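Let us walk through this protein together, one feature at a time. Keep the structure open beside you as you read.

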Amino acid sequence: MKKSLPLAATALTTAVLLSASPTAQARPGPVVPNPFDMRVHCTSTDADGRKIVTRYGNSELGWNHFTHRHNIKKCAILNAALKDKVDRNDGHGRLEYDGVAIRTGGSPAQVKFVVIVQYTRKTKDGRYDAGRGQKIGVINAFCRNQPNNKCPAWMNQ
């Protein structure tokens, strides 16, 4: 037993030294599960002259969020609301624009929708940054008083 103790101590010391050596591989950084796509999909200008972009984004905000979750698939829908004045302004860069979509014909319908814009460089939680001199843009759009705030398919025709 006396012979195996120094051998075990040597093996442990060698393992510790090797794991701390500069040739040991560093751990990769945190994986970003859903990166934010900064490319611009749509651009609009509101009544006050603000240039508002809609970025592709990801599943949390931007075009990729509301096209899948809320069934808004045309820039014209966003532009219909964004061309007017701001309906709600929190004073910290969050702007809300209300719009109304009307279907005429055999079975007329009317749907109210909202377009939410983050008109600052970063989101409130600081997770997303559009870069120097840029704005985040449209973060969400959805229909009010609809199941799951999902817009009817006829709005995209």
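**A guided tour**

We can start with histidine 70, whose side chain reaches the backbone oxygen of asparagine 149 at 3.2 Å. Bear in mind throughout that this is a predicted model. Histidine 70 sits in the loop that runs between α2 (63–69) and α3. Is histidine 70 buried or exposed? Its relative accessibility is 5%, and a residue under 20% is classed as buried, so histidine 70 counts as buried.

A second loop residue is worth a visit. Asparagine 58 has its place in the loop between β2 (51–57) and α2. At 1% relative accessibility, asparagine 58 also counts as buried. Its side chain reaches the backbone nitrogen of glutamate 60 at 2.8 Å. Asparagine 58 can also be set beside a residue from another stretch of the chain: isoleucine 139 is 81 residues away in sequence, while the two C-alpha atoms are 9.8 Å apart in space.

Two of the residues just named, Glu60 and Ile139, bring us to the largest pocket, as both are part of its lining. This pocket has a volume of about 170 Å³. Besides those two, the lining residues include Leu61, His65, Arg94 and Gln118. Further along the chain, Thr123, Lys124, Asp125, Tyr128 and Asn140 line the pocket as well. What mix of classes does this lining have? There are three nonpolar, four polar and four charged residues.

Next, please turn to the strands. Strand β3 (residues 88–89) and strand β4 (residues 94–103) pair in the antiparallel sense, with two bridges between them. Asparagine 89 has leucine 95 in β4 as its bridge partner. Together β3 and β4 make a hairpin with four residues between the strands, and in its turn glycine 91 has a positive phi of about 80°.

Strand β4 then pairs again, this time with strand β5 (residues 109–118), in the antiparallel sense over ten bridges. One pair to look for here is glycine 99 with its bridge partner in β5, phenylalanine 113. β4 and β5 form a hairpin too, with five residues between them. Its turn holds glycine 105, which has a positive phi of about 110°.

The last stop is the disulfides. How many does the structure hold? There are two, and with bonded cysteines counted along the chain they follow the pattern 1-2, 3-4.

One disulfide joins cysteine 42 to cysteine 75, with an S to S distance of 1.7 Å. This pair links distant parts of the chain, since cysteine 42 belongs to strand β1 (residues 37–45) and cysteine 75 to helix α3 (residues 75–82), 33 residues apart. The link is left-handed, with -55° about the S-S bond. Its two ends can be described in turn: cysteine 42 is buried, with a relative accessible area of 6%, whereas cysteine 75, at 22% relative accessibility, counts as partly exposed.

The other disulfide joins cysteine 143 to cysteine 151, with 2.0 Å from S to S. The link of cysteine 143 and cysteine 151 is right-handed, with 105° about the S-S bond. Cysteine 143 is buried, at a relative accessible area of 0%, and cysteine 151 is buried at 4%.

Notes
Residues numbered from 1 in each chain as written. Predicted model: local features only at pLDDT ≥ 70, side-chain atom pairs only at ≥ 80, totals over all residues. Heavy atoms only, no water. Pairing = 2+ DSSP bridges. Disulfide = S-S within 2.5 Å. Buried < 20%, exposed > 50% of the residue type's maximum accessible area, 1.4 Å probe, protein only. 1 Å grid on protein atoms, 1.4 Å probe; cavity = no way out; pocket = protein on both sides within 12 Å on 5 of 7 lines; lining within 4 Å. Points joined across faces, edges and corners; volume = space filled by probe spheres on them. Nonpolar A, V, L, I, M, F, W, Y, C, P; charged D, E, K, R; others polar. Polar contact = N/O pair within 3.5 Å; in protein donor to acceptor, adjacent residues only side chain to side chain.
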